[in-house]
Amino acid sequence: MSEEHLAVRRIKDGTVIDHIDHGEALRVLSALKVTGHDGNLVTIAMNVSSSKLNRKDVIKVENRFLFANETNKIALIAPNATVNIIKNFKVIEKRKVHLPDALEDVFSCPNPTCISNSDEPLKPILKVINRNPPKLQCKYCMKISNPEELL
Ligand SMILES: [Zn+2]
């Protein structure tokens, strides 16, 4: 077994997010709103040796199955990530992240005077207007931003 596999122990049921660009694991957790407050074990490994990327981060969330509409939110931060759904120690589903057409309630609009940053009960909605390189546009104030401005 390689060093990579030993770094984080296997889980019985849950979600493993692999091949996250190194150093991005905490931002991925934040975007997924995985806080650990539900009491389930969350394991984070950062800067794991990997042949595919030089270094990568890995996140394991036990007893929670993250759906594609949730994990696709991380495509901006970790475009190479793979998501493995584990049931009874077996990978039952493996998928790549895919940037959706709009990101709802993931990142705030970078415009401080935007109505979505006020006390109004509005969820920030950023439309993906270009994929490569990624460009987003706020649904409310129409400000166009790139991923660095959101993080
Ligand atoms: Zn805005």
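Between the two domains of this predicted model, 5 residues of domain 1 are in contact with 9 residues of domain 2. The domain assignment puts domain 1 at 3–96 and domain 2 at 102–150. There's also a zinc ion to look at, held by four cysteines: Cys109, Cys114, Cys138 and Cys141.

**Where the domains meet**

- Put the two domains together and about 530 Å² gets buried between them, with 76% of that on carbon and sulfur atoms.
- On the domain 1 side, Lys33, Lys73 and Leu76 lose the most area to domain 2, and together they make up 82% of what that side buries.
- Measuring from centre to centre isn't the same as looking at contacts, so here's that number too: the C-alpha centres of domain 1 and domain 2 are 25 Å apart.

**Polar bookkeeping across the interface**

- If you're hunting for salt bridges between domain 1 and domain 2, the rule finds 0 of them.
- Polar contacts between domain 1 and domain 2 come to 1 residue pair, with both residues at pLDDT 80 or more.

**The zinc site**

- Each protein donor to the zinc ion is an SG atom, from Cys109, Cys114, Cys138 and Cys141, and these sit 2.3 to 2.4 Å from the metal.
- The geometry comes out tetrahedral, with angles of 103 to 115 degrees among the 4 donor atoms.
- For reference, the ideal angle for four tetrahedral donors is 109.5 degrees.
- Along the sequence, the donor residues follow the spacing C-x4-C-x23-C-x2-C.
- As for solvent exposure, Cys109 and Cys114 are both buried.

Technical notes:
Residues are numbered from 1 along each chain as its sequence is written. This is a predicted model: local features need pLDDT of at least 70, side-chain atom pairs count only at pLDDT 80 or more; totals for chains, interfaces and linings use all residues. Side-chain values use heavy atoms; hydrogens and water are left out. Donors are N, O and S atoms within 2.8 Å of the metal (3.2 Å for Na, K and Ca); water is not among the atoms, so sites may look incomplete. Four donors count as tetrahedral if all angles lie between 85 and 135 degrees; four count as square planar and six as octahedral if opposite donors are over 155 degrees apart and all others between 65 and 115; anything else is irregular. Buried means under 20% relative accessible area, exposed over 50%, partly exposed in between (1.4 Å probe, protein chains only). Domain bounds come from an automatic or database domain assignment. Contact means heavy atoms within 4.5 Å. Buried area is the accessible area (1.4 Å probe) that two parts lose on being put together, summed over both. A salt bridge is a side-chain nitrogen of Lys or Arg within 4 Å of a carboxyl oxygen of Asp or Glu. A polar contact is a pair of N or O atoms within 3.5 Å; within protein, one must be able to donate a hydrogen and the other to accept it, and residues adjacent in sequence count only if both atoms are side-chain atoms.
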